[in-house]
Every structure is written in structure tokens, then in C-alpha cells.
Amino acid sequence: MSSLIIERVDVRAVNVPLEYPIYTAVGVVDTSPLILVDIFTNSSSVGKAYLFGYSPAMLSSLKSVTKDLSKIIVGMKVEPFAINKLLEEKFQLLGYTGLLRMAGSGIDMALWDALAKSAGLPLYKFLGGGARRIKSYDSHSMDGVSLAAQRAEASVKQGFRGIKTKIGYETLEEDLNVVSKLREVVGDSVDIMVDYNQSLAVPEAIKRIKALQAEGIAWVEEPVSYFDDDACAKVRSASNVAIQIGENWLGTEQMIKSLRAEACDLSMPDVMKIGGVTGWLKASALCEAFAQPMSSHLFQEYSAHLLAVSPTTHWPERMDIAKAVVDSSLAFVDGDAVLSDEHGAGFVWKESEIEKYIV
């Protein structure tokens, strides 16, 4: 493994369509702006990863940062822990966060993909895991009553036993109408999660969560600003519903502050923001230490592998933001994420489609 050398890193930007626009209480994601990373080595192993820019306005900056970080590592051995340490130390004075952390995470994911491919193993087996099916939830948008019910019904038919919907409508009554309709559609055996996307102040969050308790909600995600651990802790202490945060933690440095503050009952790191595979492994150790059930946010191609080796695995999220340009071997069967024996993270680019959406 140590003889694997980074020879070249290609970075491309695309803006691809989504099956459903992602409506949230704080804005709309109409398309999926992605950065595609290919790390070429001195063997046939090419590591692949993608980053999600959230807004097309960020593509140029994220691409530029990723390319600049890539220049630092060309010629180095494919050793993700060492490269992660190098980048953290190099940008310590500036702060290894924001776009820097995201770009570094994409590079880290591609490095692990290259290593696993070089070993002739799927990533989860390369990390020491065994074949398993992982119960997953289907992740939806702020869809209104009619579309929310339609999508939930389709998810149940596919075997999903968990469905997440985004809420935070103008009134509590609208939130309740959507959730009540979902419960009617899916029955009592399917978990319903809700996501406020940080849209509420503490008093309103407490009020709405108390009103939602009767619907048997499995968790309330990001009811208030994620970076205000005190606010999250106040909502958590006043609620009988589990509070989920974590998708916006930039590195385990932020994660451990939240866990120490008892800001949440459940943890949901995002592999792009937490630090790639290397950062995820650190995060999974923290979840075990703090007895936090661990779910994933987006990046299902990587997240399923990582949850397969995480001690406190809870729910993978099924939200396929990259399927327009990614051909993945990951399958969802009867609501379970099922990993294949394809080497690495188990996906390839749809090159013919990439040409249509290149930026």
C-alpha cells in the first residue's frame, strides 16, 4: 500500500438536475452542484469522490480550493491519515474549516477509494467490516400535504421503514397537518423523522416539538441553529422527542463541543464536512464514547460503507443527489442499504452525462 503514489488529481464541476427540488424552511436547492474528484495513482487505481456545493454560486470557489489542495499532495504516498494531518497543520492558523475542510474531505474520500481498489476490496471490507444490510430511511423535502403523502406512500411500497420530511411551515398547524397525513399514510410501523433545518428560535421550537409528540416522531432534526450548542441543549432538555444534529459539524472539533454540551440525543455527521473517511472514523469513535446512535447525511455511496463499520450505526439516509452523474453499485432492497463487492466505494462516473452538465 505504501508504494501507491499520487500522480495527478483531476477536479471538475457540474450542476446536475434533481428528481425533486429540495425545499426547506430556509431556502430551496433547485439543482445539485457537484465537484468531481479523480485521484490518479501509479497503479490502475483511480480514487473517486464528489462534493456537494449546495448552491451553484459556490462551485467556482469550491473547485478552486480543491484544485489548490490537490497540488500540495501530488507526488505523495496514498496515506490518508498522514495527508489529513498535513493539511490540518498547514492551515491551522487560517482555520481548517469551511470550504477548506470540504475540499480536504473530498480528497480524503478519493484517497481511501484508491487504497481499497488497490487492495481489491470494497471500502467496508478494507476498513475491516463484513457484509450486512442496514435499515435505511427515505429522505424527502418540504413537499406540502399532497406531495408528502404521495412520496411517503411510494417509499413504503419500496420497503422503507423510516421517512423524513422537512417542515417549518409558516404555522404550527401546517406542520401538524403534514405530519398527521404522513402518519395516516404510513401507519404506526414506519418511523417518521422531521427536519426544521435550523429555522426556529428556542421558544418556538419547544412549542412545536411538544405539539408533534403525539404523532410519535422518531426525531426532530436541527430545530434551532446548529452552532448554538446552548440553544440545542435547551430544546433537548424541554423535549420528549430525540433531537438530531450533526450534518453541519465541520470536523470533529465542532462535534465534540456539541457532545460535551449535551446538545443532542443523536448524531448525524456529513462525510464531506466531518473530514472524509478519516474524519468519519474519528466521529464514529466519539459516537461510541458518548453513546450516540450514528446516522449519515447524504453521500450514500460512501456513507453506507462507513456505517457498516461504525459501532453505533443507526440510520443511513437515502437521498440520491448525484445519480445524474454517478453509476453506483449500492442498492436499496426492501428499505435496506445493501453494499456490493465492487472495489472501493463501488461507483463510476457517467461520463456521457457529465459532459452535459459541466460548468
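1. A good place to start is a side-chain pair: N248 and E222 make a polar contact through their side chains, at 2.9 Å. Please keep in mind that this is a predicted model.

2. Where does N248 sit in the chain? N248 is found in the loop that links β9 (243-245) to α9 (252-260). Is N248 buried or exposed? Its relative accessibility is 13%, and because buried means under 20%, N248 counts as buried. Leaving aside residues up to four places away in sequence, N248 touches Q198, E222, Y226, Q254 and K273. E222, the polar partner from the opening point, is thus also on the contact list.

3. On to the sheet, which is open and has seven strands. Reading across, the order is β10-β9-β8-β7-β6-β5-β11, with parallel pairing. At the edges stand β10 (266-267) and β11 (317-318); each has a single partner strand, so one side of each is left without a neighbour in the sheet.

4. Within that sheet, have a look at β7 (residues 191-195) and β8 (residues 219-221), which run parallel and are joined by three bridges. One residue pair to find on screen is D195 with its bridge partner in β8, E221. As background, strands of a sheet pair through backbone hydrogen bonds, either parallel or antiparallel.

5. Finally, a helix residue: A233 lies in α8 (residues 229-237). Which residues does A233 touch, not counting those up to four places away in sequence? They are A261, E262 and A263. For a distance check, A233 and K164 are 69 residues apart in sequence, and their C-alpha atoms are 22 Å apart in space.

Technical notes. Residues are numbered from 1 along each chain as its sequence is written. This is a predicted model: local features need pLDDT of at least 70, side-chain atom pairs count only at pLDDT 80 or more; totals for chains, interfaces and linings use all residues. Side-chain values use heavy atoms; hydrogens and water are left out. Helices (H or I, at least four residues) and strands (E, at least two) are DSSP runs, numbered from the N terminus. Contact means heavy atoms within 4.5 Å. Buried means under 20% relative accessible area, exposed over 50%, partly exposed in between (1.4 Å probe, protein chains only). A polar contact is a pair of N or O atoms within 3.5 Å; within protein, one must be able to donate a hydrogen and the other to accept it, and residues adjacent in sequence count only if both atoms are side-chain atoms. Two strands pair if DSSP finds at least two bridges between them.
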